[in-house]
Number of protein chains: 2
Amino acid sequence: MTISPMIESFVFHFGEMGSRWGFNRTVGQMYALMVVSDKPINANEIAEVLNISRGNVSMGIKELQSWQLIQLHHYPGDRKEYYSPKGDIWDMANTVFEERRKREVDPTLSLLRDILLEQPGNDSEAYAQNRMREIHDLLETLVAWTSELQGLNPDKLNRLMKLGTGVSKVMDLLSKANKSSSAKSKSRNKDQLPFRDTSNTHSDSPMRDDSND
Amino acid sequence: MTISPMIESFVFHFGEMGSRWGFNRTVGQMYALMVVSDKPINANEIAEVLNISRGNVSMGIKELQSWQLIQLHHYPGDRKEYYSPKGDIWDMANTVFEERRKREVDPTLSLLRDILLEQPGNDSEAYAQNRMREIHDLLETLVAWTSELQGLNPDKLNRLMKLGTGVSKVMDLLSKANKSSSAKSKSRNKDQLPFRDTSNTHSDSPMRDDSND
DNA sequence: TTGAATGTTCAGTAATTTCTGAAAGTTTAA
DNA sequence: TTAAACTTTCAGAAATTACTGAACATTCAA
């Protein structure tokens with residue numbers, strides 16, 4: 001079994017990129033191969049096409065399963081297992097986002113929460129905690145947003161995009177619709193800011209300003 | 001120079017996570033250190049605190065500069081360079097997103113565009129192109145969205161979140177505001193769907209359905 | 001129960017990435 | 001100029017990560 005140059009270039013590229021997304025090159029190639037294959041493929045085919053060992057394929061399959069990315073198939077009279085991507089492209093993106101959140105963001109949030117419970121022992125710790133609080137709040141916001149986005153299916157999302165909408169515009173609409181809070185809200189309405197916490201020891205400015213230079 | 005255990009745990013954790021975000025452990029630690037430090041620090045301090053070689057620090061600085069993440073400072077009578085994070089936490093997040101987009105998503109989009117211009121030579125290639133088109137469109141949508149988000153500053157973003165808004169709700173609002181297109185739009189309004197392209201050879205269903213199992 | 005077909009594991013090896021430290025480069029004050 | 005103070009570079013070493021392939025495990029038909 002072989003693949004055309006066109007498909008090959010996609011598979012290789014996806015392999016390189018895959019390593020950015022939390023799995024290694026081979027696993028990325030394996031998944032790419034499944035995605036563009038018009039039917040489920042088995043481990044031997046994968047090993048042959050990608051020119052890697054059978055053992056490596058087995059480990060890659062295990063990894064992809066831990067990411068919940070693949071679906072197993074069996075054919076009568078054939079004892080081999082066949083693999084295909086689970087769900088559609090949008091499902092895939094959601095799954096990857098979610099897995100990454102679990103593996104990367106959640107532990108960070110947990111650590112930050114723990115640290116923020118500690119009493120700062122001196123000025124540096126107090127300063128550090130303020131920066132950490134900012135990061136913590138930012139991560140929480142991003143998590144909230146992405147989980148909102150994940151609730152959408154692709155055509156909804158696209159319709160939203162296609163309306164030519166800026167998020168800013170969305171916000172204006174929302175403020176109007178929800179005019180209870182946020183009274184016109186110029187630019188930095190102190191009591192609504194989770195960032196730039198100033199409650200603790202140090203200077204008001206979140207970033208040190210360099211006295212010289 | 002040393003750091004407290006509290007700060008150390010943050011710096012180390014950030015180092016581990018940093019590798020997920022496109023730079024290596026040491027670079028992540030260096031940046032974390034700058035973020036929680038209440039004043040700019042110099043290369044020797046970094047090397048001492050993190051217990052790494054001076055040359056390594058130099059390379060890390062270079063890397064952070066290529067990400068546009070740090071600011072230089074000089075003090076009179078001191079020839080050393082001092083470093084601090086550039087901008088606030090939100091700027092940092094924006095910068096990282098943007099750099100990653102440039103390094104990871106843009107090349108993928110470019111490759112996909114090129115491939116999609118080719119004429120499929122057979123059914124497999126046609127099938128593969130359809131999957132690639134889905135990925136291409138999804139990536140474009142995500143890029144559009146994140147660039148929208150990047151246009152917001154943190155308090156705007158938070159106000160948006162704090163309004164208790166689901167994105168779905170946003171969409172409803174928008175459809176109302178923009179009722180030119182999308183006539184009520186139940187669920188799969190064919191002519192508005194960029195995903196699930198059906199214009200090419202293969203079956204209408206985007207995912208193969210396995211005939212057995 | 002056997003053995004052929006297949007899947008999994010893991011110790012050792014290979015490939016890749018990161019780090020060190022000495023040498024070379026740069027800047028500035030005198 | 002010189003030389004001290006500092007930064008950068010990069011060849012080789014160390015650390016980490018990925019891969020192979022042979023041994024082991026499992027399944028199933030006969």
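This tour of a predicted model goes to a helix pair in chain B and then to the protein surface around DNA strand D.

**Stop one: two helices of chain B**

Select residues 5-18 of chain B, which form helix α1, and residues 25-36 of chain B, which form helix α2. Their axes are 7 Å apart and the helices pack at an angle of about 140 degrees, which means that α1(B) is oblique to α2(B). The crossing of the two is right-handed.

Now show side chains at the contact. From α1(B), select B:Ile7, B:Phe10, B:Val11, B:Phe12, B:Phe14, B:Gly15 and B:Glu16. They meet B:Arg25, B:Gly28, B:Gln29, B:Tyr31, B:Ala32, B:Leu33 and B:Val36 of α2(B). Coloured by class, this contact shows 9 nonpolar, 3 polar and 2 charged residues.

**Stop two: DNA strand D**

Select DNA strand D and the 18 residues around it. Those that come nearest are A:Thr26, A:Ser53, A:Arg79, B:Arg54 and B:Arg79. Of the strand D atoms within 4 Å of the protein, 64% belong to sugar and phosphate.

Three side chains are worth labelling in turn. At A:Asn56, a side-chain N or O atom is 3.2 Å from a phosphate oxygen of strand D. At B:Lys80, a polar side-chain atom lies 3.1 Å from a phosphate oxygen of strand D. At B:Arg79, the partner is a base nitrogen of strand D, 2.9 Å from a side-chain N or O atom.

Finally, colour by element. α4 (54-66) of chain A, α4 (54-66) of chain B and β3 (78-85) of chain B each give two or more residues to this surface. The largest share, 5 residues, comes from α4(B). By class, the surface near strand D has 3 nonpolar, 8 polar and 7 charged residues.

Definitions and conventions: Residues are numbered from 1 along each chain as its sequence is written. Chains are lettered from A and ligands numbered from 1 in the order in which they are written. This is a predicted model: local features need pLDDT of at least 70, side-chain atom pairs count only at pLDDT 80 or more; totals for chains, interfaces and linings use all residues. Side-chain values use heavy atoms; hydrogens and water are left out. Axes are lines fitted to C-alpha atoms, for helices over the stretch in contact, and angles run from 0 to 180 degrees between N-to-C directions. Helices (H or I, at least four residues) and strands (E, at least two) are DSSP runs, numbered from the N terminus. Angles under 35 degrees count as roughly parallel, over 145 as roughly antiparallel, 65 to 115 as roughly perpendicular and the rest as oblique. A crossing is left-handed if the near helix is turned anticlockwise from the far one by less than a right angle, and right-handed if clockwise. Contact means heavy atoms within 4.5 Å. Ala, Val, Leu, Ile, Met, Phe, Trp, Tyr, Cys and Pro count as nonpolar, Asp, Glu, Lys and Arg as charged, and the others, Gly among them, as polar. A residue is near a molecule or strand if one of its heavy atoms lies within 4 Å of it. A polar contact is a pair of N or O atoms within 3.5 Å; within protein, one must be able to donate a hydrogen and the other to accept it, and residues adjacent in sequence count only if both atoms are side-chain atoms.
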